[in-house]
Amino acid sequence: MPTQIVVAGAIIRGDAVLVAQRARPPELAGRWELPGGKVAPGEPEHAALARELAEELGLHVDDIAVGDRLGDDIPLDDTTTLRAYRVRLIRGRPHPRDHTALRWVPAAELPDVDWVPADRGWLADLRRACI
C-alpha cells in the first residue's frame, strides 16, 4: 500500500494538453510533465491537485475544476504512487511558477515530447482525452 500519493493534472483545451517543463531535480530538469504534486496527509486528492495547480500555475483554486481520473496509477517506487486527473480550466491563464516553461501540446505531438519517464505511461490516455 503506497504511503504517498502524487497527483497530476491533465489540463486539456480542445485537442491540446498543458505540459510543464521541470526545473529540478537535475536528472529531470528540462523534461516535461503534467503539473501537480504531493497529497498532504488527510487531504482529499481533488483538493490537493487544485492547491498544487494554483501554486504551480498561478491560478486561483476556483479557476479550475478537477474531474475524473485519467489512466492507471503509476508506481514511482515502493511507497509512492502517481495518479492523474482530468482538469478543466474555467478561467485564468496558467503561468510557470515552479517550472521553466509551459506549453500546449496537440494530441498528435504528445509522443514527441521529452516526458519525464513516469508521465509517458499516460500518453494513450491523454490522446484519447483530447477532442
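I take strands to be DSSP runs of E with at least two residues, and helices to be runs of H or I with at least four, both numbered from the N terminus. The model I examined is a predicted one.

**Entry 1: Pro25**
With strands so defined, I located Pro25 in the loop between β2 (16–21) and β3 (32–33). I then looked up the peptide bond that leads from Arg24 into Pro25 and found it to be cis, with omega near -10 degrees.

**Entry 2: Overall fold**
I read the protein chain from start to end and noted the pattern β-β-β-β-α-β-β-β-α. In total, the secondary structure comes to two helices and seven strands. The radius of gyration of the protein chain is 14 Å, close to the 14 Å that the globule rule gives for 131 residues, so I record the chain as being as compact as a globular protein of that length. Along the principal axes, I noted a span of about 35 × 30 × 30 Å for the C-alpha trace.

**Entry 3: β5 and β6**
I next turned to strand β5 (residues 64–75), which runs antiparallel to β6 and is joined to it by seven bridges. The connection from β5 to β6 is a hairpin through four residues. Within this pairing I found Arg69 opposite Tyr85 of β6.

**Entry 4: Largest pocket**
I looked up the largest pocket and recorded a volume of about 450 Å³. Its lining comprises 23 residues, of which Val6, Arg22, Glu33, Gly36 and Gly37 are the closest to the pocket centre. The elements that contribute two or more residues to this lining are β1 (4–13), β4 (36–38) and β6 (80–89). Sorted by class, the lining of the largest pocket holds twelve nonpolar, seven charged and four polar residues.

**Entry 5: Aromatic rings**
I searched for pairs of aromatic rings, for which the centres must lie within 6.5 Å. The count of aromatic pairs came to zero. I then searched for charges over rings. The charged end of Arg13 sits over the ring of Trp104, at 4.0 Å from the ring centre. For Trp32, I found Arg103 over the face of the ring, 4.8 Å from its centre. A charge counts as over a ring if CZ of Arg is within 6 Å of the ring centre and within 35 degrees of the ring normal.

Key: Residues numbered from 1 in each chain as written. Predicted model: local features only at pLDDT ≥ 70, side-chain atom pairs only at ≥ 80, totals over all residues. Heavy atoms only, no water. Phe/Tyr/Trp six-rings, centres within 6.5 Å; stacked < 30°, edge-to-face > 60°. 1 Å grid on protein atoms, 1.4 Å probe; cavity = no way out; pocket = protein on both sides within 12 Å on 5 of 7 lines; lining within 4 Å. Points joined across faces, edges and corners; volume = space filled by probe spheres on them. Nonpolar A, V, L, I, M, F, W, Y, C, P; charged D, E, K, R; others polar. Pairing = 2+ DSSP bridges. Rg over C-alpha atoms; globule rule 2.2 N^0.38 Å.
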